[in-house]
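Look at the sequence and the structure below. Then read on, with the model open beside the text.

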Amino acid sequence: MNSILTNRWTKAVLFLICLVPAGVLIWEAITGGLGSNPTQFLEHATGDWTLRFVAITLSVTPLRKILGQPQLIRFRRMLGLFAFFYGFCHFSIYLTFDQVFDLHGIWADVMKRRYITVGFTGFVLMIPLALTSTAGWIRRMGGKRWAMLHRAIYLTAIAGVIHYYWLVKSDVHLPLEYAAVMAVLLGWRVYTHYAKPPRRAPAAIPARKEQTSVMQD
Amino acid sequence: MLVKRSPDLKYSDVTPRDIYLNRRKFLYGMGLAGGLAMAGKSLVDLVSPPVRAYASTKLQGVSGSPYNTTEKITAEQVVTTYNNYYEFGTEKDQPSKNAQKFVTSPWSVSVEGEVAKPRKFTMDEILKLAPLEERIYRHRCVEAWSIVVPWIGYSFSTIAKLVEPNSNARYVAFESYFDRKQMPLWGLAGIGLPYVEGLRIDEAMHPLTLLCMGMYGETLPNQDGAPVRMVIPWKYGFKSIKSLVKIKFVKDQPPTTWNITNAHEYGFYSNVNPKVDHPRWSQAREVRLPGYFKITPTQMFNGYGDLVASLYNGMDLKKNY
């Protein structure tokens, strides 16, 4: 297991896998497989993949700790950047086909329509995270501040689910499924943050100090 | 236009030929006595599960209509695979898959309420009441997409006049078929069922208001509201109720499904109006399917203002959305 996780090719393979949804959509667009309303199809597909990648990114830390596989951290940045990539595609499709580059119209939508307000907020919050995702920025900002900033992904996750919930007309079961996944992922963090390790006798070795590496959250 | 119609359109004209023949073979096989002894319904059940009884049967003797738009007709494939029919699933591609086995024969529509002569019409009768016309209408969904469909039917007023509405009949209430067994996804629809709709009597009696039995030269596919539906081209698509089983002339404004679900977003009138936004999106533009760009300007009353605007003289259409 560990050898797979540390293999230098694993990341490249994962990168290609993450591109598959985009590749499939492009292929379907070329071959006419997007159905009767291609723009809506693309908007829904890229929206779905944004939420999925946010969820996958948020599951890296719990999986590392639960499975005891610290090496998983190698992939988190890339997964997070793919969440941003699909969010960017989602927004770009709306910009191009729905609003036809009418920036005025977009701003009116953002201000007026709460599901767009919240979705747009979730997307904008990912921009600084994408920009500061390099090792250089971690150094420049200092680990603690960098980690603080990158907790904004929690807000993106919540905003994304609300965006979806508010946009459907009546059938909310899919947004609720995403809500449940995000609730587990964020709930786990709340739980591990507040759950106190059981008290040991004073003579025991001091409780293992919480690792404070910036890559932990 | 010359109307050529066989005066005695029979059930067998409507049932797809292969199925009809199958039924005959089946009857021979059973022995005529045995066949007759069976209840009519169970016979239909035996024969019909794998078929779309009224779908895909050519309608003969259809004439043109002065109401036709000259805009390009949307490809049939686009129209029949992109449907809002929540009883068969809320995703657009679900009804065309899940409604395949929907049994639409035998079928009858009850016309009742504030009328002198309430009665039930069988599909045979409905198809014979008046010459069928092809009406090429723009169809604008509240979700800001649009299509151009060659519907087949005749003005709703034809059937309404037969039952003689009385002076109490100020509105018409419509009800869709609903069957949990045939519509297993009904529980996910998020709307109350059966689906109900309504029109003011003058809207219902307007010649544009179509009682629709077909499209693209054939009977309606199940996912598009077989075997009989309404089409009101100047209103958002959800007003055009599918798979009609009941028409009731009533005194008071009837409840309507989307208005019950979310009154803030869906009014009773729901006339197409580019100036009144849906709370969650603009109605100023629409995407003409299967296009990508939402660049078609939405027209007041979906472009039928010349014919219907007078119905709403003096009404505040922002308030009565």
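Two residues are in contact if their C-beta atoms, placed from the backbone, lie within 7 Å. Helices (H or I, at least four residues) and strands (E, at least two) are DSSP runs, numbered from the N terminus. This is a predicted model: local features need pLDDT of at least 70, side-chain atom pairs count only at pLDDT 80 or more, and totals for chains, interfaces and linings use all residues. Residues are numbered from 1 along each chain as its sequence is written, while chains are lettered from A and ligands numbered from 1 in the order in which they are written.

**Helix 8 of chain B**

Start with helix 8 of chain B, residues 156-163. Four of its residues are buried: B:F156, B:I159, B:A160 and B:V163. A residue is buried if 20 or more other C-beta atoms lie within 10 Å of its own, exposed if 12 or fewer, and partly exposed in between. Why do the buried residues lie on the same side of helix 8 of chain B? They cover an arc of only 100° around the axis, the arc being that of the directions from the helix axis to the C-beta atoms. An α-helix has 3.6 residues a turn, so residues three or four places apart point the same way.

What covers these buried residues? The cover includes strand 1 (108-113), strand 2 (119-122), strand 4 (145-155), strand 7 (210-215) and strand 9 (229-231) of chain B, along with helix 9 (201-204).

**Backbone details in chain B**

B:E164 follows helix 8 of chain B. Its phi is positive, though B:E164 is not a glycine. B:E164 counts as partly exposed, with 13 C-beta neighbours inside 10 Å. B:A144 is also not a glycine and has a positive phi. B:A144 is buried, with 20 other C-beta atoms within 10 Å.

Two peptide bonds in chain B are cis: one runs from B:S105 to B:P106, the other from B:A226 to B:P227. The table places these residues and gives their angles.

| Residue | Angle | Loop in chain B |
|---|---|---|
| B:A144 | phi about 75° | between strand 3 (133-140) and strand 4 |
| B:E164 | phi near 55° | between helix 8 and strand 5 (171-176) |
| B:P106 | omega near 0° | between helix 6 (94-98) and strand 1 |
| B:P227 | omega near -5° | between strand 8 (218-219) and strand 9 |

**Confidence in chain A**

pLDDT is the predictor's confidence in each residue, from 0 to 100. Chain A averages 91, and 89% of its residues score at least 70. Over residues 204-217 of chain A, the pLDDT is below 50. That stretch has 13 contacts in the model beyond near neighbours in sequence. Where pLDDT is low, the predicted coordinates should not be read in detail.
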